[in-house]
Amino acid sequence: MARTNALLQIGYLVMALRARGLQVGPMGGFDAAGLDADLFAESGWTSLLVLNIGREVAPGGTHPRAPRLDATDAVTVL
């Protein structure tokens, strides 16, 4: 239950940061054990998610988003 509540709070944090005009990039699938060992070794805390937070760059300052895969390329039905 605590994990579910923490994930809900992260959602509220992401919405609040975006409402303030910041860009937020939540990332899962990272090496949580390695991150916890580096940052939270003595605290007993563990990580659930990594957030990239920052300001939007000037127009033309980033690469355009790559196209998404078509469903026929990404989905396999057995």
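Helices and strands here are DSSP runs, with at least four residues for a helix and at least two for a strand, and they are numbered from the N terminus.

**Figure 1. The whole chain, read from start to end.** This is a predicted model, so keep that in mind as you explore it. Follow the sequence and you will meet the pattern α-β-α-β-α. In other words, the protein chain holds three helices and two strands. Its radius of gyration is 17 Å, well over the 12 Å that the globule rule gives for 78 residues, so the chain is more spread out than a compact globule. The C-alpha trace spans about 45 × 45 × 25 Å along its principal axes.

**Figure 2. The surface of the chain and its charges.** How much of the protein chain counts as buried? Of its 78 residues, 9% do. About 6900 Å² of the chain is exposed, and carbon and sulfur atoms supply 59% of that area. Now look for the charges: there are 6 positive and 7 negative ones, and the mean positions of these two groups are 14 Å apart.

**Figure 3. The largest nonpolar core.** Which residues make up this core? There are five: Ile-10, Val-14, Leu-17, Leu-22 and Val-24. Helix H1, residues 2–19, gives the most to the core, with three residues. Zoom in on Leu-17 and set aside its neighbours within four places in sequence: Leu-17 is then in contact with Leu-22, Val-24 and Ile-53.

**Figure 4. Met-27 and its partners.** Find Met-27 in strand S1, which covers residues 23–27. Is Met-27 buried, partly exposed or exposed? Met-27 counts as partly exposed because its relative accessible area is 36%, and that class lies between the cut-offs of 20% and 50%. Leaving aside neighbours within four places in sequence, Met-27 is in contact with Leu-49, Val-50 and Asn-52. Take Leu-49 as one of these partners: Met-27 and Leu-49 are 22 residues apart along the chain, and their C-alpha atoms are separated by 6.0 Å.

**Figure 5. Leu-7 and Leu-49.** Leu-7 is found in helix H1. With 38% relative accessibility, Leu-7 counts as partly exposed. How far apart are Leu-7 and Leu-49 in sequence, and how far in space? They are 42 residues apart in sequence, and 8.5 Å apart in space from C-alpha to C-alpha. For the chain as a whole, consider contacts between residues at least 6 apart in sequence: 57% of them join residues at least 24 apart.

Technical notes
Residues are numbered from 1 along each chain as its sequence is written. This is a predicted model: local features need pLDDT of at least 70, side-chain atom pairs count only at pLDDT 80 or more; totals for chains, interfaces and linings use all residues. Side-chain values use heavy atoms; hydrogens and water are left out. A nonpolar core is a set of buried Ala, Val, Leu, Ile, Met, Phe, Trp, Tyr and Cys residues joined through side-chain atoms within 4.5 Å. Buried means under 20% relative accessible area, exposed over 50%, partly exposed in between (1.4 Å probe, protein chains only). Contact means heavy atoms within 4.5 Å. The radius of gyration is taken over C-alpha atoms; the globule rule is 2.2 Å times the number of residues to the power 0.38. Accessible areas come from the Shrake-Rupley method with a 1.4 Å probe; for residues, only the protein chains shown count as cover. Lys and Arg count as positive and Asp and Glu as negative; His and the chain ends are not counted. The place of a charge is taken as NZ of Lys, CZ of Arg, CG of Asp or CD of Glu.
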